[in-house]
Amino acid sequence: MGKDEKKKAKGKDAQLVLRLDREDRDAFIALCKDMDTSASREVRRFIRDFLKSNG
């Protein structure tokens with residue numbers, strides 16, 4: 001099974017809901033768009049890095 005197949009099999013099946021100021025949210029989304037990425041991708045990256053560093 002290749003890397004892409006493993007990702008598809010694993011899937012994303014959970015959500016994390018959080019509250020933050022609208023201004024912060026909008027600025028974060030705009031910055032992600034300017035950097036050609038998505039807010040979701042960057043939050044997932046943060047979580048993976050955080051777990052790697054602290055887990």
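This section describes the fold, surface patches and side-chain contacts of a predicted model.

The protein chain contains three helices and zero strands, and its elements follow the pattern α-α-α when read along the sequence. Helix α1 spans residues 3-10, helix α2 covers residues 22-34, and helix α3 runs over residues 39-54. Burial is recorded for 4% of the 55 residues in the protein chain. The accessible surface of the chain amounts to about 5800 Å², of which carbon and sulfur atoms supply 51%.

A nonpolar patch of about 940 Å² is present on this surface. Its members are L16, L18, L20, F28, I29, V43, F46, I47, F50 and L51. Two or more residues of the patch are given by each of the elements α2 and α3, and α3 provides the largest share, with five residues. A loop residue also takes part: L18 belongs to the patch and is located between α1 and α2.

Two of the nonpolar patch members, F46 and F50, also form an aromatic pair. A search of the whole structure returned one such pair. The ring centres of F46 and F50 are 5.7 Å apart and the ring planes meet at 35°, so the arrangement is classed as tilted. The two phenylalanines are four residues apart in helix α3 and are therefore separated by about one helical turn. With a relative accessibility of 53%, F46 is classed as exposed, because the exposed class begins over 50%. The corresponding value for F50 is 45%, which places F50 in the partly exposed class.

Helix α3 also contributes to a patch of positive charge on the surface, which gathers K10, K12, R41, R44, R48 and K52. With four residues, α3 gives the most to this patch. One of the patch members, R44, is found in helix α3 and is partly exposed at 33% relative accessibility. This value satisfies the accessibility requirement for patch membership, because residues must have over 30% relative accessible area to be included. The surface of α3 is thus represented in both patches, with five residues in the nonpolar patch and four in the positive one.

Side chains of opposite charge can pair when their charged atoms come close. Two salt bridges were found in a search of the whole structure. In one of them, R45 is joined to E42, with a distance of 2.7 Å between the closest N and O atoms. R45 and E42 are three residues apart in helix α3, so about one helical turn separates them. The relative accessible area of R45 is 40%, and R45 is accordingly partly exposed. R45 is absent from the positive patch, because residues that form a salt bridge are excluded from patches.

The other salt bridge links R25 to D26, again with the closest N and O atoms 2.7 Å apart. Both partners are partly exposed: R25 has a relative accessible area of 41%, and D26 has a relative accessibility of 36%.

The loop between α2 and α3 contains D36 and S38. Most residues other than glycine have a negative phi. In D36, by contrast, phi is positive, at a value near 60°. D36 is also exposed, with a relative accessible area of 69%. S38 is partly exposed at 27% relative accessibility. The C-alpha atom of S38 is separated by 9.4 Å from that of F28, a residue 10 positions away along the chain. F28 is itself a member of the nonpolar patch.

Terms used:
Residues numbered from 1 in each chain as written. Predicted model: local features only at pLDDT ≥ 70, side-chain atom pairs only at ≥ 80, totals over all residues. Heavy atoms only, no water. Patch = residues over 30% accessible without salt bridge, like charges linked within 9 Å, V, L, I, M, F, W, Y side chains within 5 Å. Areas by Shrake-Rupley, 256 points an atom, 1.4 Å probe, with all protein chains shown as cover. Salt bridge = Lys/Arg side-chain N within 4 Å of Asp/Glu carboxyl O. Lys, Arg positive; Asp, Glu negative; His and termini not counted. Charge placed at Lys NZ, Arg CZ, Asp CG, Glu CD. Buried < 20%, exposed > 50% of the residue type's maximum accessible area, 1.4 Å probe, protein only. Phe/Tyr/Trp six-rings, centres within 6.5 Å; stacked < 30°, edge-to-face > 60°.
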